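Colleague: Got a minute? I'd like to go through this structure with you.

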Amino acid sequence: MSDQEEPLLGIDLDWPNPARMYDYALGGAHNFAVDREAFDKLLTIDADAALVGQTNRAFLRRAVRYCVDQGIRQFLDLGSGIPTQGHAHEIARSVDPTVRVVYVDNEPVAVAHSRRLLNAIDGVEMVAADIRDPESVLGAPETAMLDLSQPVGLLAVAVLHYVSPDDDPAGLLARYLGPLAPGSLLAVSHTTVDAVDPVQAAEMRKLFDSTSSPVTHRSRAELTSLLSEQVDLVEPGIVWTPQWRPDGPEELLSDEPERSGTYAALGRKRD
Ligand SMILES: C[S@@+](CC[C@H](N)C(=O)[O-])C[C@H]1O[C@@H](n2cnc3c(N)ncnc32)[C@H](O)[C@@H]1O
């Protein structure tokens, strides 16, 4: 997408945006020069930045499949992003075409592109909302399609790092999980600088601070404390994304999983 083609109101081209940087990293076309420049700069700091997106998407696919195998037939996908191959409804519906999915994002390109793509699909909806306002998300007319008396797969994949400590991520998760039925599952991936040297970590932080949504990297210990208050983690607990129930030894970065820069976990809502 060229900047001259700006088709939508509400797009802020003054700042790189994480949804569009991520789209660029995954080879998508829904990004602008400001996003591409920021991601190219990130690559000079972290040469593995493109692999982060790929390993994260692979985790999303495995997590959705796991949820469907556990009987989940409806999903709420927080920070769903610009649709790319292997969106949650495609993965879930390859097993059961009746699965319902509600996507949520607050980035105008992600919202518009999702709506364009999903409008004609029954049982798949897009909510334009800030995930830090769970009551708006859960109260949105589109979300009413979910039957909250039945278990839900709550996806918070590569999004909680945009929730700062001031926004109380633990309280936020509790407000999402509270209304969900027993048996609901929460899938999370979260960036970290646990395996990065402090100088590189500081440079990464500086770059993300120059985007529209600054990032809070969290350590494994912080993520453990955040999630263990909310859910009972299934095996293998909190691990690097390539280590979370890999499909096989050929999983990307399986030999050096820390290069994914992202932890993954899935847990069951406590009764
Ligand atoms: C890195 S992308 C991840 C996309 C997808 N979940 C995945 O893992 O492939 C993060 C997404 O979260 C969205 N996001 C960040 N902060 C948000 C917020 N406060 N409310 C809604 N969406 C948000 C961004 O717009 C972006 O689309």
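Modeller: Sure, let's talk through the ligand, a helix and a few odd backbone spots.

Modeller: This is a predicted model, so local features need pLDDT of at least 70 and side-chain atom pairs count only at pLDDT 80 or more, while totals for chains, interfaces and linings use all residues. Residues are numbered from 1 along each chain as its sequence is written, and side-chain values use heavy atoms, with hydrogens and water left out.

Colleague: Okay, which residues come nearest to the ligand?

Modeller: Tyr22, Asn56, Arg57, Gly79 and Asp105, out of 18 residues around the ligand. To be near, a residue needs one of its heavy atoms within 4 Å.

Colleague: And what is 2.7 Å from a nitrogen atom of the ligand?

Modeller: A polar backbone atom of glycine 79. That's a polar contact, meaning a pair of N or O atoms within 3.5 Å. A ligand nitrogen is also 2.9 Å from a side-chain N or O atom of aspartate 130, and a backbone N or O atom of isoleucine 131 lies 2.9 Å from a ligand nitrogen.

Colleague: How much of the ligand does the protein bury?

Modeller: Taken alone the ligand exposes 590 Å², and the protein buries 97% of that. Those areas come from the Shrake-Rupley method with a 1.4 Å probe.

Colleague: New topic: which residues are buried in H2?

Modeller: Val34, Asp35, Ala38, Phe39, Leu42 and Ile45. Buried means under 20% relative accessible area, exposed over 50%, and partly exposed in between (1.4 Å probe, protein chains only). The buried ones cover an arc of only 125 degrees around the axis, which puts them on the same side of H2. The arc uses the directions from the helix axis to the C-beta atoms. Helices here are DSSP runs (H or I, at least four residues), and strands are E runs of at least two, numbered from the N terminus.

Colleague: What's on the other side of H2?

Modeller: Glu37 and Thr44, which are exposed there.

Colleague: Now the odd spots. Which peptide bond is cis?

Modeller: The one from glutamate 235 to proline 236, with omega near 10 degrees. Proline 236 is in the loop between strand E6 (231-233) and strand E7 (239-240). Most peptide bonds are trans.

Colleague: What about phi of leucine 253?

Modeller: Phi of leucine 253 is near 65 degrees, a positive value in a residue other than glycine.

Colleague: Is leucine 253 buried or exposed?

Modeller: Leucine 253 counts as buried, because its relative accessibility is 8%.

Notes. A polar contact is a pair of N or O atoms within 3.5 Å; within protein, one must be able to donate a hydrogen and the other to accept it, and residues adjacent in sequence count only if both atoms are side-chain atoms.
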